[in-house]
Amino acid sequence: MRRRYKSLEHLDKKWRFFIIFVVLAVIMGALAFISQIFADELFGWKSTVIREEHNLPFKAYLEINVTNIPLNITVYDGDDIRIKYINETELIIEENEYCYFISQDPDFAFTLFAKDQLYYGLEILLPDEVYRSISISTASGNIDYSLSYAENIYITSRSGKVNASGLVGDVTIKTSNADIYADFTYFTKDCELQSDSGNIYVKMTEQCEPMLDFYADNGKISTDFFGENIKNKAVSEERLILKRGNGTKTLFIYTGTGNLQISEVE
């Protein structure tokens, strides 16, 4: 009994040391977090984060290239193209007579200010005008795109999710291993969606009458938009053709191993 008592006493000491260690770790973590938030006031440190805002006269052609930050493009009630940017590297804006070339400086920078990283991103507010061509590319940043009308839209992403709405015109969206969410208003030209390993979710308004040309290496399709209720139909190295109404414009969709879901906008 005496030996057992010593063993329990020894175990209690181990637990006390463990609890003290955990408490100290929590305190140190809290102090580190507070120092991040109040670093300017406490230590006089200055953040290396860059904040930019630009107002640009309207142009009908845009080419946008980012690497690892979220990109949000939407329409607003104004005349200029408005840009808001937060990141560790500068935003590069070049132009010619017809087009703006907007890109994130690819150079790497490091900041200790974790609070600023929560707001990294590029926001572009576009006047409600007719755009001839909009080209967007990203490596890993997510893309949110909402526009009333562009004749040509080309979006590419390696691993960033693409969420695009208000689609009209010649639309091409391609990703390597990310999901695509595409909402079509109506079809004026053939369009293409492609994801090597991500899923594709399509919504269309009632007036959309495309022909669907779907090919998958090993995927599934679910839809009731084309007059028949299809649920998780396997498509493996084959082409599936579906048609709604006249079907004069074609929506080409390819998935490698991802699934396709098509429904009507609610």
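In this predicted model, threonine 89 turns up in the loop that links β4 (81-87) to β5 (91-95). Sitting in a loop does not put threonine 89 out in the open here: its relative accessible area is 8%, so it counts as buried, the cut-off being under 20%. The side chain of threonine 89 also has a polar partner, the backbone oxygen of aspartate 105, at 2.9 Å.

Zooming out for a moment, the protein's secondary structure adds up to 3 helices and 21 strands. Of its 266 residues, 37% count as buried. As for how the chain folds back on itself, take the contacts between residues at least 6 apart in sequence: 52% of them join residues at least 24 apart.

Many of those strands can be placed in order. An open sheet of 11 strands runs β1-β4-β7-β3-β9-β11-β13-β15-β21-β17-β18, and its pairing is mixed. At the edges stand β1 (50-56) and β18 (230-235); each has a single partner strand, so one side of each goes without a neighbour in the sheet. On average, and with direction ignored, neighbouring strands of this sheet are turned by 10° against each other.

The stretch from β3 to β13 can be followed strand by strand. Strand β3 (residues 71-76) pairs with strand β9 (residues 143-146) in the parallel sense, over 3 bridges, and here asparagine 72 stands opposite aspartate 144 of β9. Next along, β9 is joined to strand β11 (residues 162-167) by 4 bridges, and the two run parallel. Aspartate 144 shows up again at this step, now opposite asparagine 163 in β11. From β11 the sheet carries on to β13, parallel once more and with 4 bridges. Asparagine 163 there stands opposite tyrosine 181 in β13, so a path can be traced across the strands from asparagine 72 through aspartate 144 and asparagine 163 to tyrosine 181.

That last residue leads on to the aromatic side chains. A pair of aromatic rings is described by the distance of the centres and the angle of the planes. With centres within 6.5 Å as the criterion, the count comes to 5 aromatic pairs. One of them is formed by tyrosine 181 and tyrosine 201, which are stacked, at 4.8 Å centre to centre and with 15° between the planes. Tyrosine 181 belongs to strand β13 (residues 180-184) and tyrosine 201 to strand β15 (residues 200-204), so this pair ties together parts that lie 20 residues apart in sequence. Both rings' residues have some surface showing: tyrosine 181 is partly exposed at 30% relative accessibility, and tyrosine 201 is partly exposed too, with a relative accessible area of 26%.

Phenylalanine 225 and phenylalanine 226 make another pair, with ring centres 5.5 Å apart; their planes meet at 85°, over the 60 degrees required, so the pair is edge-to-face. Phenylalanine 225 and phenylalanine 226 are both buried.

Charged side chains come into play at some of the rings as well. Phenylalanine 225, from the edge-to-face pair, has arginine 244 lying over its face, 3.9 Å from the ring centre. Elsewhere, lysine 59 places its charged end over the ring of tyrosine 100, at 5.2 Å from the centre of that ring.

Key. Residues numbered from 1 in each chain as written. Predicted model: local features only at pLDDT ≥ 70, side-chain atom pairs only at ≥ 80, totals over all residues. Heavy atoms only, no water. Buried < 20%, exposed > 50% of the residue type's maximum accessible area, 1.4 Å probe, protein only. Polar contact = N/O pair within 3.5 Å; in protein donor to acceptor, adjacent residues only side chain to side chain. Phe/Tyr/Trp six-rings, centres within 6.5 Å; stacked < 30°, edge-to-face > 60°. Lys NZ or Arg CZ within 6 Å of the ring centre and 35° of its normal. Pairing = 2+ DSSP bridges. Axes fitted to C-alpha atoms, helices over the stretch in contact; angles between N-to-C directions. Contact = heavy atoms within 4.5 Å.
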